[in-house]
Amino acid sequence: MRLVLLGAPGSGKGTQAARLKEHLQVPHISTGDLLRAEVAAGSPLGLKAKEVMARGDLVSDEILLGMLKDRFSRDDTRAGFILDGYPRNLAQAAALDALLTELGQKFDAAVQLVVDYEKIIARLAGRAQAEGRTDDTPEAVRHRLAVYEEKTAPVVDFYRQQGELAVVNGEGTLDEVFARIVEAIQRGHEVG
Ligand code: ADP
C-alpha cells in the first residue's frame, strides 16, 4: 500500500501514520521527523533547515527531494509506504509522481484528514507544552497554517483531480479516526 497523508499541521497525520504502519506493515516516512533528525545530528543539511523550520517555512524542494530519494533507495519501501509531511506544494507532488514512475511503483491514495482550525490551534498549543517543539510557538503555528493554506491546500486538489483523494473526518477519538482511514483505504481499493 502506497499512501500519502495530507492535512494541516496538528491534524493528526503523525499519530495516525504510526498506527497505519503497524496495520499495513509498511514504513512510515515523516519528512518532519527526517528533518528533525538532521537538525539534532547537526549535519550540514540540518544546519540549513533549522532556522527555516523554526519559522514554520518550507525547507527547499531540492533538499526534500534528495532526502526522499535517499529514503526510497532503502529496500523496506518496496512493499509500500505511508508518507507524512510530503508533498507540501505542487512542485513536490509532481516530483513524487516522477519518482514513483521512475521506481515503477503505483500510487494508491492520498488521505486528507480534515480538522476544524480552532481545534488545530488548541491541539498545537497543547503539544507545544508537552513536546517543546520550537515551531509550536503561537507565531510559528500561525505561520505554518498560513503556509499550509497557500502551498499545501492546492496539493489536495491535485490528488482530487487525479481521482486519488480520500477525505476523512479527523475529529473524534484516535480509534474513530483510525477506523475511518482504514475504511476509506479499503473503499478506494474496492472501487479502484
Ligand atoms: P507539522 O505537520 O506539524 O507542520 P512536520 O513535522 O510535518 O509538522 O513538519 C515540520 C517542519 O518541517 C515544517 O514546518 C517544515 O519547515 C519542514 N518540512 C517538513 N516536511 C517538509 C516538506 N515536505 N517540504 C518542506 N519543508 C518540510
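Which residues does Gln92 touch, not counting residues up to four places away in sequence? Keep that in mind while we get our bearings; this is a predicted model, and we'll come back to Gln92 shortly.

**Whole chain**

Start zoomed out, with a cartoon view. You should be able to pick out 8 helices and 5 strands. Walking from the N terminus, the order is β-α-β-α-α-α-β-α-β-α-α-β-α. The radius of gyration is 16 Å, close to the 16 Å from the globule rule for 192 residues, so the chain is as compact as a globular protein of that length. If you draw a box along the principal axes, the C-alpha atoms fill roughly 45 × 35 × 30 Å.

Now switch on a surface. It comes to about 10,000 Å², and carbon and sulfur atoms own 52% of that. Underneath, 43% of the 192 residues count as buried. Colour by charge next: there are 24 positive and 29 negative side chains, and the centres of the two sets sit 2 Å apart. If you like contact maps, take the contacts with a separation of 6 or more: 75% of them are between residues 24 or more positions apart.

**Stop 1: Gln92**

Select helix H5, residues 90-103, and find Gln92 in it. Its relative accessibility is 2%, so Gln92 counts as buried, the cut-off being under 20%. Here is the answer to the opening question: leaving out residues up to four places away in sequence, Gln92 touches Val59, Asp61, Leu64, Tyr86 and Pro87. Show those as sticks and leave them on for a moment.

**Stop 2: strand E4 and its partners**

Next, select residues 109-114, which make up strand E4. Of its 6 residues, 5 are buried, so E4 is largely enclosed by the rest of the structure. Add strand E1, residues 2-6: E1 and E4 pair in the parallel sense over 4 bridges. Then add strand E5, residues 165-169, which runs parallel to E4 and is joined to it by 5 bridges.

Two residue pairs are handy for checking the register. Leu6 has Gln112 as its bridge partner in E4, while Leu113 stands opposite Val168 in E5.

**Stop 3: Gln112**

Stay in strand E4 and centre on Gln112. Is Gln112 buried or exposed? At 13% relative accessibility, Gln112 counts as buried. Setting aside residues up to four places away in sequence, the ones Gln112 touches are Leu6, Tyr148, Val156, Leu165, Ala166, Val167 and Val168. Leu6, in that list, is also the bridge partner you just looked at.

**Stop 4: Ile82**

Now jump to strand E3, residues 81-84, and pick Ile82. Ile82 is buried, with a relative accessible area of 0%. Show its contacts, again skipping residues up to four places away in sequence: Leu3, Leu5, Ala17, Leu20, Lys21, Leu24, Val26, Pro27, His28 and Ile29. For a distance label, try Ile82 to Leu58: they are 24 residues apart in sequence and 20 Å apart in space, C-alpha to C-alpha.

**Stop 5: Ala41**

Finish at helix H2, residues 31-41, where you'll find Ala41. Ala41 is exposed, with a relative accessible area of 61%. Draw one last distance, from Ala41 to Pro138: the two are 97 residues apart in sequence, with 26 Å between their C-alpha atoms.

Methods:
Residues are numbered from 1 along each chain as its sequence is written. This is a predicted model: local features need pLDDT of at least 70, side-chain atom pairs count only at pLDDT 80 or more; totals for chains, interfaces and linings use all residues. Side-chain values use heavy atoms; hydrogens and water are left out. Helices (H or I, at least four residues) and strands (E, at least two) are DSSP runs, numbered from the N terminus. The radius of gyration is taken over C-alpha atoms; the globule rule is 2.2 Å times the number of residues to the power 0.38. Buried means under 20% relative accessible area, exposed over 50%, partly exposed in between (1.4 Å probe, protein chains only). Contact means heavy atoms within 4.5 Å. Accessible areas come from the Shrake-Rupley method with a 1.4 Å probe; for residues, only the protein chains shown count as cover. Lys and Arg count as positive and Asp and Glu as negative; His and the chain ends are not counted. The place of a charge is taken as NZ of Lys, CZ of Arg, CG of Asp or CD of Glu. Two strands pair if DSSP finds at least two bridges between them.
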